[in-house]
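Open the model in your viewer and keep the selection tool at hand. The stops below go from helices to single residues.

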Amino acid sequence: MKKYSLLSLLISCIVGLGSCTDLNETLYSSIPQDEFGTTEEEMNALIGPAYGTLVRFINNEFWMVECTTDELIFPARGTDWYSGGFHLRYHRHEWSAQETPDCWRFTEVTTINKIIDMLDHSTVEITDRERIYAELRGLRAFWYFYMLDNLGNVPIVTSFDTSELLANNTRQEVYNFVENELLEIIDDLTEEKSVNTYSKFTKWIGYTLLAKLYLNAEVYTGTPQWAKCQEYCQKVIDSGLYALEPDFFTNFKVENEGSTENIFCIPYDSDYFVDYFIPYQLSWHYNSYLTFNVQYSSWNGPCAVPGFVKSYDVDDARYGSFLIGQQYSSGGEMLYTRDGFPLNYTVEMEDFSNVTEYEGARLFKWEVEVNGRMHMNNDFALFRYADILLMKAECMLRMGNEPGARQIVNEVRARNFDPAKPYDHLTLEILLQERGYEFVFEGWRRNDQIRFDTYKDPCDFKPNTDPADKHTYLFPIPLTILDRNPNLTQNPGY
């Protein structure tokens, strides 16, 4: 088992989380509200469920959002994965309000609001109260950033006790809320980077989230904030606490908590902190367990979009993020599909509405654990130092400093080539490609494509440009939520 404090904090206090259809969900706790917090164990039991909300970040909706981009696709393989065609419609940007990724994350917000409410009603002296409040508000701001990015116009809820059916706040208001929350708490967050703060909401995570917020500020508000984004990237750089790993794949190992690059991780553990971080079970062919000696069968689902894979330089170490070619058992025997064809993963796909079992490059970014179970032990990096560097480079490029931006991009790129292949010039198009190579399958492609205004464009198996109103740049609020709250308004275009 991984030995760091947050996991031990979570073991005894993870709560089950489901889809939220009510902003006022009732939560139950065995901690007396006027007595908790007198010991470290009680405080851990209190704040643990707030961090436990992260367990569902890499859930089904994560992969559904990914397949709306130009990097991931859920092809239909006969009747397998057809599912009424909705995976195909996601990729083509033809979804409707009846079928859309559910990015409504008020279960997580409500959990955090409940814990803050318990702190507010406590009658005991709580050590580090300000820091604990700051962590909780930081986690809540993270979930609001997620909804800001995907849904835009959601209610701002900071009280657990409200019974009022709330109306939408505007995207600008949600942006302002996230910004103000982070700026208000930043000085109360710890600067410590150690085993004791691993995966806890530190000042460096707060700075990174502010940088992410400002990076897409023009999308969210109409006003770019490149200088502010660069400022907060620089704060993380100046800390001297983070550095690029010489080997890109160190960040994705089974035991990756020692990475010098990972800033904010979800500490998945196959015994104690499990949910939907199962990319290989989703992606690999049914017989791939014979190759990797894992304790699960796979479902032969999502794979990489062919054009995205083909855009890589095959000398780029990051090309190893894909599983391509003939597959063999661990004993060296050639593997076959269920209908007798060689299991030879191809980059190309003829027709993603009816592909063979072997078509499509598969996900292969995280180290495979021998005898690994369905729920992986690899921690998932939400924020990496490479992103800090590439965000800074993008801001510099957009503000006219191409040489400085190119130097940073080449620094990130250098570890992946032997000999090095630096760029001799840098454009926004090249930078978007580089971000794709660096962060494939990490959940940032939609965010990046929208900022670069390529999300609407045709790509493999998406032949049409999105409607002129670009309503697809936001997902609809789920109809189940609207049915329960008549004060809410659906996003435009749906």
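A residue counts as buried when its relative accessible area is under 20%. With that cut-off, select helix 8, residues 203-215, in this predicted model. Helix 8 is mostly covered, with 13 of its 13 residues buried. From its first C-alpha to its last, helix 8 reaches 18 Å, close to the 18 Å expected at 1.5 Å a residue.

Next, select residues 106-120, which form helix 5. This helix has 15 residues and reaches 20 Å between its first and last C-alpha, close to the expected 21 Å. Helix 5 is also mostly covered: 14 of its 15 residues are buried.

Now show a helix pair. Select helix 14 (residues 385-398) together with helix 16 (residues 428-439). Their axes are 11 Å apart and the packing angle is about 175°. Angles over 145 degrees count as roughly antiparallel, so helix 14 is roughly antiparallel to helix 16. To see the contact, display side chains on both helices. Helix 14 contributes Ala386, Asp387, Leu390, Met391, Glu394, Leu397 and Arg398. From helix 16 come Leu428, Leu431, Arg435, Glu438 and Phe439. Which classes make up this contact of helix 14 with helix 16? There are 7 nonpolar and 5 charged residues, and no polar ones. As background for reading such lists, an α-helix has 3.6 residues a turn, so residues three or four places apart point the same way.

Move to asparagine 410, in helix 15 (residues 402-414). Is asparagine 410 buried or exposed? Its relative accessibility is 15%, so asparagine 410 counts as buried. Leaving aside neighbours within four places in sequence, asparagine 410 is in contact with Pro422 and Tyr423.

Then select glutamine 281, in helix 11 (residues 279-283). Glutamine 281 has a relative accessible area of 6% and is therefore buried. Measure from its side chain to serine 297: glutamine 281 reaches the backbone oxygen of that serine at 3.2 Å. Expand the selection to the residues that glutamine 281 touches, not counting those up to four places away in sequence: Tyr296, Ser297, Ser298, Trp299, Asn300 and Met374.

The last stop is glycine 332, in the loop between strand 5 (325-326) and strand 6 (344-345). Glycine 332 has a relative accessible area of 49%, so it is partly exposed. Finally, add aspartate 247 to the selection: its C-alpha and that of glycine 332 are separated by 28 Å, and the two residues are 85 residues apart along the chain.

Methods. Residues are numbered from 1 along each chain as its sequence is written. This is a predicted model: local features need pLDDT of at least 70, side-chain atom pairs count only at pLDDT 80 or more; totals for chains, interfaces and linings use all residues. Side-chain values use heavy atoms; hydrogens and water are left out. Axes are lines fitted to C-alpha atoms, for helices over the stretch in contact, and angles run from 0 to 180 degrees between N-to-C directions. Helices (H or I, at least four residues) and strands (E, at least two) are DSSP runs, numbered from the N terminus. Angles under 35 degrees count as roughly parallel, over 145 as roughly antiparallel, 65 to 115 as roughly perpendicular and the rest as oblique. Contact means heavy atoms within 4.5 Å. Ala, Val, Leu, Ile, Met, Phe, Trp, Tyr, Cys and Pro count as nonpolar, Asp, Glu, Lys and Arg as charged, and the others, Gly among them, as polar. Buried means under 20% relative accessible area, exposed over 50%, partly exposed in between (1.4 Å probe, protein chains only). A polar contact is a pair of N or O atoms within 3.5 Å; within protein, one must be able to donate a hydrogen and the other to accept it, and residues adjacent in sequence count only if both atoms are side-chain atoms. The expected span of a helix is 1.5 Å times one less than its number of residues.
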